[in-house]
Amino acid sequence: MIPPRRPARPHPLARAPMVDRLARFLDTGWDKGWMPPPPLDPDELVRRGSKGFSLEHEIAGRSEEDVEDFRLRLNALVDAVVKEADLNAVGKAFAYGLITRAIQQRFALGKLWREQPELAKTDIAPPIIVLGQMRSGTTRIHRLLAADPAHSATRFCDSWHPVPEKPDFRPLRGTFKLFMARKLDPWLDTIHPFGAARADEELGWLASAFDHSAYEAQWRIPSYLAFSEARDAQPIYAEFERLLRTDAGQHGHGARPRILKVPQFTEDLPALLKRFPEARLVVSRRCSEETWRSSVSLVANQMVIQSDSVDLGWIEQEWRRKIALRDQRLEAALADWTGPVAMIDFEHLGADWEGEMRDLYAALDLPFNDTGLRAMRAEMQKSENGAHKGHAAQLDQFRDAG
């Protein structure tokens, strides 16, 4: 199959013409009164997001601390978006949609847990947690481990649409979501290899509890980052655990270890391990300069869609700080960890992935067999001509251009 042609990405802050056309359409519609602008007020967002639900659905299955944390995060996030993010019309529409969806999911999940409390308590095998900086090879490790039929993984569509459905139309909605995203961002798949029903990270679960990781890659919101980074992450991961158990209960694969991966885990490892003290860990290492360059490219690609005043210098500075913070927190957490851990080198993984995976399985005391190896080879073959391989060429072009 011939991959679709994509326009050249001449600069980290390049964006598709469709973004500007959509922004003009929205601005015109709001100015002329054809449609109301999206409100970015916490109370109004809750009113709209909770429509059709009751207060009981916000608190069902959750502690008082969990409920309070969600509301505090909502208020702080909206305040930062309004005062700091300088969003264009597309960004305002996105912010409204993302925040109201998180609220709607919060109430819908509470309703589910009120009616079926056993779902949030589904027995699960201890997970395997992939740790590492963004752009450090964690996706490849995650996909290889997830390919092994002895394990389970979270589908992209389930991460961003966690409320179970019967019949399950989430893969279709995930496909449509990615179709529209690719129209606005033709370089999306060079940044990360997506698929609606493909194994992917649980970023959507963190975003639904208003963890900062999904939002800091889209908006310049320093006050919210300071608030969230300093705040205890336990309520975030209490919700995360309920979501994982619910997902396992719905799909019926709780007995198979779940392969979990979000770069944010490096920042919050103690809170995550408190929920899963018998987990196995995989840590991916890559040259910090290459990780930084790739991270800056990803964040610039996301931010420029939603703001007309993106400062590349600020992104570069911010992501040096972010990488240093994650390194510091990860090393501190690993120093106290006595459970099984496998260390993976990015360059070694690229040169001999089979050898690295054999070593990984040995370090975690996992059985490495022909069935799993065949599945991993099929996964590598699938990704061999993936669009994400073009990201390295983009980075070289940016560097050559200065």
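Is phenylalanine 210 buried or exposed, and what is its relative accessible area? In this predicted model, phenylalanine 210 is buried, its relative accessible area being 0%, and tyrosine 215, with a relative accessible area of 2%, is likewise buried. The rings of phenylalanine 210 and tyrosine 215 form a tilted aromatic pair, with 6.3 Å from centre to centre and 45 degrees between the planes. Ring pairs further join Phe70, Phe210, Tyr215 and Trp219 into a cluster.

In total, the structure contains 11 aromatic pairs. One of them is formed by tryptophan 205 and phenylalanine 240, which are edge-to-face because their planes stand at 70 degrees, with the ring centres 5.4 Å apart. This pair connects distant parts of the chain, since tryptophan 205 belongs to helix H10 (residues 203-208) and phenylalanine 240 to helix H13 (residues 234-251), 35 residues apart. Both tryptophan 205 and phenylalanine 240 are buried.

Rings also lie beneath charged groups: the charged end of lysine 177 is placed over the ring of tryptophan 160, 5.3 Å from its centre, and arginine 286 lies over the face of phenylalanine 346, at 4.1 Å from the ring centre.

An open sheet is built from 4 strands in the order S2-S1-S3-S4, with parallel pairing. Strands S2 (259-261) and S4 (341-345) occupy the edges, each having a single partner strand, and therefore one side of each lacks a neighbour in the sheet. From one strand to the next, the twist averages 20 degrees. Strand S3 (residues 280-285) pairs with S4 in the parallel sense over 5 bridges, and valine 283 has methionine 343 in S4 as its bridge partner. Helix H16 (residues 312-335) packs on this sheet, where it touches S1 (128-131), S3 and S4, and its direction makes about 140 degrees with that of S3.

Definitions and conventions. Residues are numbered from 1 along each chain as its sequence is written. This is a predicted model: local features need pLDDT of at least 70, side-chain atom pairs count only at pLDDT 80 or more; totals for chains, interfaces and linings use all residues. Side-chain values use heavy atoms; hydrogens and water are left out. Two strands pair if DSSP finds at least two bridges between them. Helices (H or I, at least four residues) and strands (E, at least two) are DSSP runs, numbered from the N terminus. Axes are lines fitted to C-alpha atoms, for helices over the stretch in contact, and angles run from 0 to 180 degrees between N-to-C directions. Contact means heavy atoms within 4.5 Å. Rings of Phe, Tyr and Trp (its six-membered ring) pair if their centres lie within 6.5 Å; planes under 30 degrees apart count as stacked, over 60 as edge-to-face and the rest as tilted. Buried means under 20% relative accessible area, exposed over 50%, partly exposed in between (1.4 Å probe, protein chains only). A charge sits over a ring if NZ of Lys or CZ of Arg is within 6 Å of the ring centre and within 35 degrees of the ring normal.
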